[in-house]
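Please open the model in a viewer and keep the selection tool at hand. The tour below proceeds from stop to stop, stating what to select and what is to be found there.

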Amino acid sequence: MRTLIKGGTVLSTTGGVLADVLVTDERVTAVTEPGEFETADTVLDATGKYVLPGGIDAHTHMEMPFGGTFSADTFETGTTAAAWGGTTTIIDFAVQAKGTSLLSTLDKWHEKADGNCAIDYGFHMIVSDVNDGTLKEMETCVGAGVSSFKMFMAYPGVFYSTDGEILRAMRKATETGAMIMMHAENGIAIDELVAQALADGRTDPVQHGYTRPSALEGEATSRAIALAGVTGAPLYIVHLSAAEALSAVAEARDDGRNVFAETCPQYLYLSIEDLARPGFEGAKYVASPPLREKRHQADLWRGLRTNDLSVVSTDHCPFCFKDQKELGRGDFSKIPNGMPGVEHRMDLLHQGVVAGEISLGRWVEACSTTPARMFGLYPRKGVIAPGSDADIVIYDPAARQTLSAETHHMAVDYSAYEGFEITGKVETVLSRGKVVVSPDGFAGGAGHGNFLSRDLCQYLN
Ligand code: URP
Ligand code: ZN
Ligand code: ZN
């Protein structure tokens, strides 16, 4: 089965060139001068469109247990929504509950995802119980294609690890070459601020932001970097939101360290003003780290340009406003933490191109190529080149759309970007050569997506 994508501008990290792309079965077999091949079984006309490697969202939470409930997207609904938005790979988090093993956790996550995903998927492992058994199991996880481990400096009593536990896990990461991913917020100090706010009767959603100041993200980020330095472990700061944290990452990178970071669209486009929306509306925007003051946004865009922020992921963790966010009415600390976004990352970052914040090449790099290399998937994913999986998006840069819960495909009853006017729209999506989204609608299905066994990070020095 041969598919020819003709007449488009093929994008990579270096920008765009006019070229045709030939796909044979699941793989790209040629990228040629325009017109070199005339026909194929299927011909897709991409004239005037971008042809780019499918997006890789390296940070999602489908069906994630949190605060007595589960994130609203299943692996089926979440990966279907991702495909609609031009994302063809997700890396989701298996979550070790305290007292359980990493391997039983991994089995559980395979049960949830296998046969249910519309696009390819991999796993990171959340380590919340560091002990001799867990440390040994980290080696087995790496062998099973799960080569990155998220730890938390926040959420004492739930996911939190002490500095000593982090140090032990980092030593194991150094030994195995695995990546430590860090949720860097000082949870001990935050819990104190939360208790004080509640004692004072300050219970609104905006208090979530006030009790998690950016200084405590900066402090935790610096501490994580110091611990990684002592052990030699590679470190990836997840969902970086604050200028202070970015400075710490930039300094480490200037020193040549294996320190990396991602940010998320919500930190580029939304702010604490959204958390402060009247009534209980702000609950829609409760995620951790919290949305920051607008002044942080310019720093984050700069970080994306300078590669101090190398990846944009969504931290997609949707909870319905009705029923789920409701759990925290009258007590902001009980609002499930997380926001929806897996469907909109490619579009929102394309706005960065339209606004002149980042180049076309950087859009592709931060949303596809770098996550592939960061998490051991390149060149199978993250590039349009002979031999690569034919995960391809045809994107119309001139189309206009308005984001809304009325039209999105995520299983959540609100959009964090309701009413956002977007220039550009996904037209067609191929996942391993199969058209899963076309102008006629969704043509994919649960079970098409395969588990991706990942190698180690490809940036380590
Ligand atoms: O608020 C968030 N970010 N929820 C998802 C869990 C996490 O910390 O990434
Ligand atoms: Zn986190
Ligand atoms: Zn997350």
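Helices (H or I, at least four residues) and strands (E, at least two) are DSSP runs, numbered from the N terminus. The model is a predicted one, in which local features need pLDDT of at least 70 and side-chain atom pairs count only at pLDDT 80 or more, while totals for chains, interfaces and linings use all residues; side-chain values use heavy atoms, with hydrogens and water left out. Residues are numbered from 1 along each chain as its sequence is written, and chains are lettered from A and ligands numbered from 1 in the order in which they are written.

**Stop 1: helix H2**

Select Thr105, which belongs to helix H2 (residues 102–113). Thr105 is buried, at a relative accessible area of 4%; "buried" denotes under 20% relative accessible area, "exposed" over 50%, and "partly exposed" the range in between (1.4 Å probe, protein chains only). Add Ala94 to the selection: eleven residues separate it from Thr105 along the chain, and their C-alpha atoms are 6.5 Å apart.

**Stop 2: the zinc ions**

Select ligand 2, a zinc ion, together with its protein donors, Lys150 (NZ), His183 (ND1) and His239 (NE2), which lie 2.1 Å from it. Donors are here N, O and S atoms within 2.8 Å of the metal (3.2 Å for Na, K and Ca); water is not among the atoms, so sites may look incomplete. The sequence spacing of these donor residues is K-x32-H-x55-H. Lys150 and His239 link distant parts of the chain, 89 residues apart: Lys150 is in strand E11 (residues 148–152), and His239 is in the loop between strand E13 (235–237) and helix H8 (243–254). Lys150 has a relative accessible area of 2% and is buried; His239, at 1%, is buried as well. Next, display ligand 3, also a zinc ion, at a distance of 4.0 Å from the zinc ion that is ligand 2.

What is the sign of phi at His239? Phi of His239 is positive, near 30 degrees, in a residue other than glycine. Most residues other than glycine have a negative phi, and most peptide bonds are trans.

**Stop 3: ligand 1**

Which residues are around ligand 1? They are His59, His61, Lys150, Phe152, His183, His239, Ala287, Ser288, Asp315, Cys317, Asn337 and Gly338, a residue being counted if one of its heavy atoms lies within 4 Å of the molecule. Zoom in on the polar atoms. The side chain of His61 has an N or O atom 3.2 Å from an oxygen atom of ligand 1. A nitrogen atom of ligand 1 is 3.0 Å from a backbone N or O atom of Asn337, and a polar backbone atom of Gly338 is 3.4 Å from an oxygen atom of the ligand. Taken alone, ligand 1 exposes 270 Å², of which the protein buries 100%; such areas come from the Shrake-Rupley method with a 1.4 Å probe, and for residues only the protein chains shown count as cover.

**Stop 4: two cis peptide bonds**

Select Ser288, one of the residues around ligand 1. A cis peptide bond, with omega about -5 degrees, joins Ser288 to Pro289. Pro289 is in the loop between helix H10 (272–275) and helix H11 (295–306). Then select Tyr378 and Pro379, which are also joined by a cis peptide bond, with omega about 5 degrees. Pro379 is in the loop between helix H13 (360–374) and strand E16 (392–402).

**Stop 5: further loop residues**

Move to Tyr155, in the loop between E11 and helix H4 (163–176). Tyr155 is not a glycine, yet its phi is positive, about 60 degrees. Tyr155 is buried, with a relative accessible area of 16%.

Select Arg212, in the loop between helix H6 (206–210) and helix H7 (214–231). Is Arg212 buried or exposed? Arg212 is buried, with a relative accessible area of 7%. Its side chain is joined to that of Glu185 by a polar contact of 2.9 Å. A polar contact is a pair of N or O atoms within 3.5 Å; within protein, one must be able to donate a hydrogen and the other to accept it, and residues adjacent in sequence count only if both atoms are side-chain atoms.

Finally, select Phe420, in the loop between E16 and strand E17 (421–431). Phe420 is partly exposed, with a relative accessible area of 25%. Its C-alpha atom is 9.3 Å from that of Leu348, 72 residues apart from it in sequence.
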